Amino acid sequence: MPKTIRNKYEECVSFEKLLLAHKKARRGKREKRDVIIFELKLEQELLELEKHLKECTYKPGKYRKFKVYEPKERIIRAASYKDRIVHQWCVENFIKPYFVTQFINTTYAGIEGRGMHKASKDVQKGMRSAKFKWYNYYILKMDISKYFQNIDKRILWEILKRKIRDKKLLWLIREILLSTEGMKGLPLGNYTSQMFANIYLNELDQYSKHTLKCKYYYRYMDDIVILCENKERAKEWLQSINIFLEEKLRLQLNSKTRIFKDIQGVNFCGYKINEKRMKIRHTSKCRMKRKLKRYTKLLKQGKITLPEIQRSIAGWLGYVKHADSFNLRKSMFYIEG
């Protein structure tokens with residue numbers, strides 16, 4: 001794979017590739033109104049989109065803004081379905097083949113074959129290795145303050161331009177970046193935002209692994225864990241990372257950033273992890289208990305069906321199965337295994 005993207009845009013603009021992007025974008029959303037409307041004139045819509053992309057006349061539409069409250073209150077900006085197809089097409093044809101392949105092995109968010117479960121298991125494996133190597137060690141746990149809101153578009157643009165030499169692709173990415181006001185912040189909810197956010201912090205990943213030589217370094221989006229041989233090394237790395245973030249990426253660590261002894265374990269990707277076991281965090285248990293109470297009420301009122309409830313909690317059950325959670329699942333769902 002070449003290090004830079006050159007003259008790839010036009011060969012990737014095709015009805016077939018846009019159709020594939022549509023099929024990926026609609027996964028789990030086939031019953032949504034905007035998807036149904038789009039599919040009523042599918043061929044016409046995709047041909048028109050192909051024409052606009054080829055002629056560089058594509059303009060992103062307006063975002064639909066709403067709040068979510070789990071796991072915390074956040075503002076989501078949802079792009080139109082047509083724009084989501086463009087985002088999917090851009091990521092699949094350019095971001096994944098050229099950028100993701102350059103990421104370190106211990107970054108996990110939004111990368112096929114990795115994810116939260118692999119991240120948590122790799123951290124536990126690293127903790128066992130650190131225990132064997134140092135016996136007593138320290139954990140540096142870092143979290144970026146309001147990460148998506150504070151990504152500097154100018155810095156991101158310069159990072160992207162180092163690898164992209166295709167003028168038409170740069171035009172498209174510029175349109176996506178400028179689809180929201182201001183030069184700071186990426187909209188939560190965009191597929192491109194997730195990937196751009198990963199590319200942005202890949203700068204820190206490379207610095208931590210290759211300059212600081214952090215052997216046990218793990219990142220899931222803006223949540224970072226480093227295992228250190230002693231407290232002095234942890235403080236040294238924290239100071240260096242703080243300076244790098246502020247000077248190179250215009251970011252700051254938040255108040256959750258801590259240095260603590262290995263005996264305390266670490267909260268990462270929703271799990272409480274130590275060398276011997278992995279447990280579900282108390283906050284996650286409480287959220288699911290609240291959700292089950294709400295579902296019970298809605299079921300009695302006839303406002304939700306049992307299959308709908310089962311679909312809703314299936315993901316959570318898949319998540320807790322990776323932890324030491326048999327008794328928890330048995331008490332909450334009366335299930336076996």
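**Rings and charges in a predicted model**

Visitor: The charged end of Lys 131 sits over which ring?

Guide: This is a predicted model, and a charge counts as over a ring when NZ of Lys is within 6 Å of the ring centre and within 35 degrees of the ring normal. For Lys 131, the charged end is 4.5 Å from the centre of its partner ring. That ring belongs to Tyr 135.

Visitor: And how far is the charged end of Lys 163 from the centre of the ring of Phe 99?

Guide: Here the charged end sits over the ring of Phe 99. The cut-off to the ring centre is 6 Å, and for Lys 163 the distance is 5.9 Å.

Visitor: How many aromatic pairs does the structure hold?

Guide: Ring pairs link Tyr 9, Trp 89 and Phe 94 into a cluster. Counted over the structure, the aromatic pairs come to 6.

Visitor: Trp 134 and Tyr 216 form an aromatic pair: stacked or edge-to-face?

Guide: Planes over 60 degrees apart count as edge-to-face. The rings of Trp 134 and Tyr 216 lie 5.6 Å centre to centre, with 85 degrees between the planes. So the pair is edge-to-face.

Visitor: How many residues apart in sequence are the parts this pair ties together?

Guide: Trp 134 lies in helix α6 (residues 115-134), while Tyr 216 is in strand β4 (residues 216-220). The pair therefore ties together parts whose separation in sequence is 82 residues.

Visitor: Does Tyr 216 count as buried or exposed?

Guide: Buried means under 20% relative accessible area. Trp 134 has 25% relative accessibility, so Trp 134 counts as partly exposed. Tyr 216 is at 5%, which means that Tyr 216 counts as buried.

Terms used
Residues numbered from 1 in each chain as written. Predicted model: local features only at pLDDT ≥ 70, side-chain atom pairs only at ≥ 80, totals over all residues. Heavy atoms only, no water. Phe/Tyr/Trp six-rings, centres within 6.5 Å; stacked < 30°, edge-to-face > 60°. Helix = DSSP H or I, 4+ residues; strand = E, 2+ residues; numbered from the N terminus. Buried < 20%, exposed > 50% of the residue type's maximum accessible area, 1.4 Å probe, protein only.
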